[in-house]
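Hi,

Here is the structure I promised to pass on. Have a look at it first, and then read my notes below.

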Amino acid sequence: FSFSEPAFAKSAIFSLEAKVAALEKQNLATKNTNGDPTKHTPVLEFVEGGKVIQFTVPHVMDPEKPHYIEYMWLEDVSGKQKKPPGNIVSVKSFKATDPSPPTLSENVA
């Protein structure tokens, strides 16, 4: 997978949401099957009495290699949100130096 950051940055709507929507669209035809499923399978939990969804990937963030999860996002696949691009309702980018495991939380109440 190759993503041209400078080319994307020149686009009219450069945002993290637009970037992950483009990544998702590009990745629809290909699945990354190289990684250990136990370290790459997302875990979704409702916390705080069901008011918050917590999205975690049990993956080590390793700045030495570097090997880490770069983006996580939540998408409304029901189509009810109508939030372009790609109905992405929450997104977070990570650096290799961020704490493990990478986590994204979103209020759903």
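Let me start with His-59 and its surroundings. Setting aside residues up to four places away in sequence, His-59 touches Lys-39, His-40, His-67, Tyr-68, Ile-69, Ser-100, Pro-101 and Pro-102. Keep in mind that this is a predicted model. His-59 sits in the loop between β2 (52-56) and β3 (71-75). Is His-59 buried or exposed? With a relative accessible area of 5%, His-59 falls under the 20% cut-off, so it counts as buried.

Two of those neighbours are also polar partners. The side chains of His-59 and His-67 are joined by a polar contact of 3.0 Å. Another polar contact, at 3.4 Å, runs from the side chain of His-59 to the side chain of His-40.

Ile-69 is one of the residues that His-59 touches, and it leads on to the nonpolar part of the model. Beyond its neighbours within four places in sequence, Ile-69 is in contact with His-40, Val-57, His-59, Met-61, Phe-94 and Pro-102. Ile-69 also belongs to the largest nonpolar core, which has 9 residues: Ile-53, Phe-55, Val-57, Met-61, Ile-69, Met-72, Leu-74, Phe-94 and Leu-104. The elements that give two or more residues to this core are β2 and β3. Apart from this core lies another one of 6 residues, including Val-20, Leu-23, Tyr-71 and Ile-88.

Now the whole chain. How many helices and strands does the protein chain have? There are 3 helices and 5 strands, and along the sequence they follow the pattern α-α-α-β-β-β-β-β. The chain has 109 residues, of which 26% count as buried. Its accessible surface comes to about 7600 Å², and carbon and sulfur atoms hold 55% of that. Among contacts with a separation of 6 or more, 47% are between residues 24 or more positions apart.

On to the sheet. Three strands form an open sheet in the order β1-β2-β5, with antiparallel pairing. Why is one side of β1 (43-47) and of β5 (103-107) left without a neighbour in the sheet? Both stand at the edges and each has a single partner strand, so one side of each stays without a neighbour there. Neighbouring strands of this sheet are turned by 20° against each other on average, with direction ignored.

Here is how the strands line up:

- β1 and β2 pair in the antiparallel sense over 5 bridges, and Glu-45 has Gln-54 as its bridge partner in β2.
- β2 and β5 also pair in the antiparallel sense, over 5 bridges.
- In β5, Ser-105 is the bridge partner of Gln-54, and Glu-106 is the bridge partner of Ile-53.

Gln-54 is thus bridged to Glu-45 and to Ser-105. Ile-53 is worth a second look as well, since it is one of the residues of the largest nonpolar core. As for cover, β2 is mostly covered, with 4 of its 5 residues buried.

The turn between β1 and β2 has a detail you may want to find on screen. These two strands form a hairpin with 4 residues between them. Glu-48 lies in the loop between β1 and β2, and its phi is near 55°, a positive value in a residue other than glycine. Glu-48 has 62% relative accessibility, which is over the 50% cut-off, so it counts as exposed.

There are also cis peptide bonds to point out. One runs from Lys-65 to Pro-66, with omega near -25°, and Pro-66 has its place in the loop between β2 and β3. Another joins Ser-100 and Pro-101, with omega about -10°; Pro-101 is in the loop between β4 and β5. Both Ser-100 and Pro-101 are on the list of residues that His-59 touches.

Finally, Val-77. Where is Val-77 found? It is in the loop between β3 and β4 (88-93). At 75% relative accessibility, Val-77 counts as exposed. Val-77 and Ile-88 are 11 residues apart in sequence, and their C-alpha atoms are 8.8 Å apart in space. Ile-88 is among the residues of the 6-residue core.

Cheers

Technical notes
Residues are numbered from 1 along each chain as its sequence is written. This is a predicted model: local features need pLDDT of at least 70, side-chain atom pairs count only at pLDDT 80 or more; totals for chains, interfaces and linings use all residues. Side-chain values use heavy atoms; hydrogens and water are left out. Buried means under 20% relative accessible area, exposed over 50%, partly exposed in between (1.4 Å probe, protein chains only). A polar contact is a pair of N or O atoms within 3.5 Å; within protein, one must be able to donate a hydrogen and the other to accept it, and residues adjacent in sequence count only if both atoms are side-chain atoms. Contact means heavy atoms within 4.5 Å. A nonpolar core is a set of buried Ala, Val, Leu, Ile, Met, Phe, Trp, Tyr and Cys residues joined through side-chain atoms within 4.5 Å. Two strands pair if DSSP finds at least two bridges between them. Axes are lines fitted to C-alpha atoms, for helices over the stretch in contact, and angles run from 0 to 180 degrees between N-to-C directions. Accessible areas come from the Shrake-Rupley method with a 1.4 Å probe; for residues, only the protein chains shown count as cover.
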